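Here is a walk through the model you have open, one selection at a time. Keep your viewer handy and follow along at your own pace.

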Amino acid sequence: MTANHRLICTLCREEADRTDWRCRACGGVLQIAWTGPAPAGRIAAHGRGLWRYRPLLPLMGSGEIVTLGEGGTPLVWIERWAAVHQLGRVGLKLESLNPTGSFKDRGAAVLASHARALGIERLIEDSSGNAGASIAAYAARAGLTAVIFVPASAPTAKRAQIARLGAEVVPIAGPRAAAAEAAVAAAGRGAVYYAAHNWNPYFAAGMATFAYELIEELGETGIDHLVIPTGGGSLFVGAYDGFVRWRDVTGTTVRVPRFQAVQSVGCAPLVAAFQRGLDDVPPIVRHPTVAGGIEIERPPRSRLILSILRTTGGTAVAVEDAEIIAERERLAELEGIDLEPTAAAALAGLARLARDGVVRREETVIVAATGAGWKDPGPLGSSPSRPE
Ligand SMILES: *Cc1c(COP(=O)(O)O)cnc(C)c1O
Ligand SMILES: [Zn+2]
């Protein structure tokens, strides 16, 4: 099977090798560049879930895929929750129902498939929990080994899940960035692949399927706002690329929603950059937050995220821990859906956008429900989340 893509640097446009995880020339983040004719005709020929969009994904040499049934997640409308915030049509895309409980399975499935096709034997990742669990699961499924560096402050339930999935868990003291540094140091060359969700272009490419599913489900209606809890921006950037690619491939006029990024007040570099009109994130002071999944001080994809915010007319908004906990509880009580705090941050962000008049009652809003409640039971559960 011939490749349908190349890897290029988003900064200097240099072409990269398919085993690189960042640009060797300038250190920039890599991106898929599509080659050859766009897949014609029916895109989603058969099946459900992520691989339904296989012709739109970066093809692997051997053509073998690694799957656990990811994608194809339900979209549910939360009228009661919406009414509390003077909103109308709010849909939650339940990424929490993916095989390991978060949207990161979409990226891990594509990345693991790619890694196996390249003959890689070992995956290295750093994660506050969910990406680690996804990489561990798909590595196991693919017959690869995995080493996951986690901040020592990561929720116990997440660390336990990674270990159960057969990966080696290496706790790293200090801030989230320390785990990333340790992982980079451990990732060598050859058969060991740095599978970082914050860098890896194949991981982000898997996220385009999140957009494809929304387009297929809501094509005619369209979406006014897409609200995403954003740390490194794999979903934010990947979903945006999905909307654009669908439009390019099908030639249809798909409306790209306004992309709304939600961060925690404790760690909001994108909000700081957005508010000051900067092209890249400024250095920030980080404070502990219950939303550990979006605690990324220097997101490698920051420039892409900021440009998508501007292109789509979106905003970046920061929310307090108390708002996150309140909306988590409200959603569970009113709608029967339990999300982890990082995912509930999106709802807290939407509540703010509604109060600020950015999102209006007559508009259609989709919220990425990125992770399941059991991942991080919180203070009422048996394994409290303990931010540093
Ligand atoms: C990883 C994660 C996010 C943020 O994803 P990024 O790709 O880092 O922006 C949001 N919610 C949950 C539950 C996550 O695990
Ligand atoms: Zn470069």
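Before the first stop, one definition: a donor here is an N, O or S atom within 2.8 Å of the metal, and water is not among the atoms, so a site may look incomplete. Keep in mind, too, that this is a predicted model.

**Stop 1: the zinc site**

Select ligand 2, the zinc ion, together with Cys-9, Cys-12, Cys-23 and Cys-26. The SG atoms of these four cysteines coordinate the zinc ion (ligand 2) at 2.2 to 2.4 Å. Along the chain, the donors follow the spacing C-x2-C-x10-C-x2-C. What arrangement do the four donor atoms make around the zinc ion (ligand 2)? It is tetrahedral, because the angles they subtend run from 100 to 116°, and four donors count as tetrahedral if all angles lie between 85 and 135 degrees. As a reference for your angle tool, the ideal value for four tetrahedral donors is 109.5 degrees.

Now colour by accessibility. Cys-9 is buried, at a relative accessible area of 0%, whereas Cys-12 is partly exposed at 34%.

**Stop 2: beside the cysteines in sequence**

Select Arg-13, which sits in the loop between β1 (5-9) and β2 (15-16). Its phi is near 70°, a positive value in a residue other than glycine. That is worth a look, because most residues other than glycine have a negative phi. Is Arg-13 buried or exposed? With a relative accessibility of 52%, Arg-13 counts as exposed.

Gln-86 is another residue to pick for its backbone: its phi is positive as well, near 60°. You will find Gln-86 in the loop between α1 (79-84) and β5 (89-94).

**Stop 3: salt bridges**

Side chains of opposite charge can pair when their charged atoms come close. The cut-off to set in your viewer is 4 Å, from a side-chain nitrogen of Lys or Arg to a carboxyl oxygen of Asp or Glu. How many salt bridges does this rule give? The count comes to 21.

Begin with Arg-6 and Glu-15, whose side chains meet at 3.0 Å, N to O. Arg-6 is partly exposed at 35% relative accessibility, and Glu-15 is partly exposed at 47%.

Next, select Asp-280 and Arg-303, which form a salt bridge at 3.5 Å, N to O. This pair links distant parts of the chain, 23 residues apart: Asp-280 belongs to the loop between α9 (269-276) and α10 (302-312), while Arg-303 is in helix α10. Arg-303 is partly exposed, with a relative accessible area of 43%.

Then move to Arg-355 and Glu-323, where the N to O distance of the salt bridge is 3.7 Å. Arg-355 lies in helix α12 (residues 341-355) and Glu-323 in helix α11 (residues 321-335), so this pair ties together parts that are 32 residues apart in sequence. Colour these two by accessibility: Arg-355 is exposed at 57%, but Glu-323 is buried at 17%.

Finally, select Lys-93, Glu-95, Arg-106 and Glu-213 as a group; salt bridges link them in a network.

**Stop 4: two crossing helices**

Show helix α7 (residues 208-218) and helix α8 (residues 234-250) as cartoons. Their axes come within 6 Å and cross at roughly 50°. The two helices are therefore oblique to each other. Rotate the view to check the handedness: α7 passes α8 in a right-handed crossing.

Conventions:
Residues numbered from 1 in each chain as written. Chains lettered and ligands numbered in written order. Predicted model: local features only at pLDDT ≥ 70, side-chain atom pairs only at ≥ 80, totals over all residues. Heavy atoms only, no water. Donors = N, O, S within 2.8 Å, 3.2 Å for Na, K, Ca; no water. Tetrahedral: all angles 85-135°; square planar, octahedral: opposite > 155°, others 65-115°. Buried < 20%, exposed > 50% of the residue type's maximum accessible area, 1.4 Å probe, protein only. Helix = DSSP H or I, 4+ residues; strand = E, 2+ residues; numbered from the N terminus. Axes fitted to C-alpha atoms, helices over the stretch in contact; angles between N-to-C directions. Parallel < 35°, antiparallel > 145°, perpendicular 65-115°, else oblique. Left-handed = near helix turned anticlockwise from the far one by under 90°.
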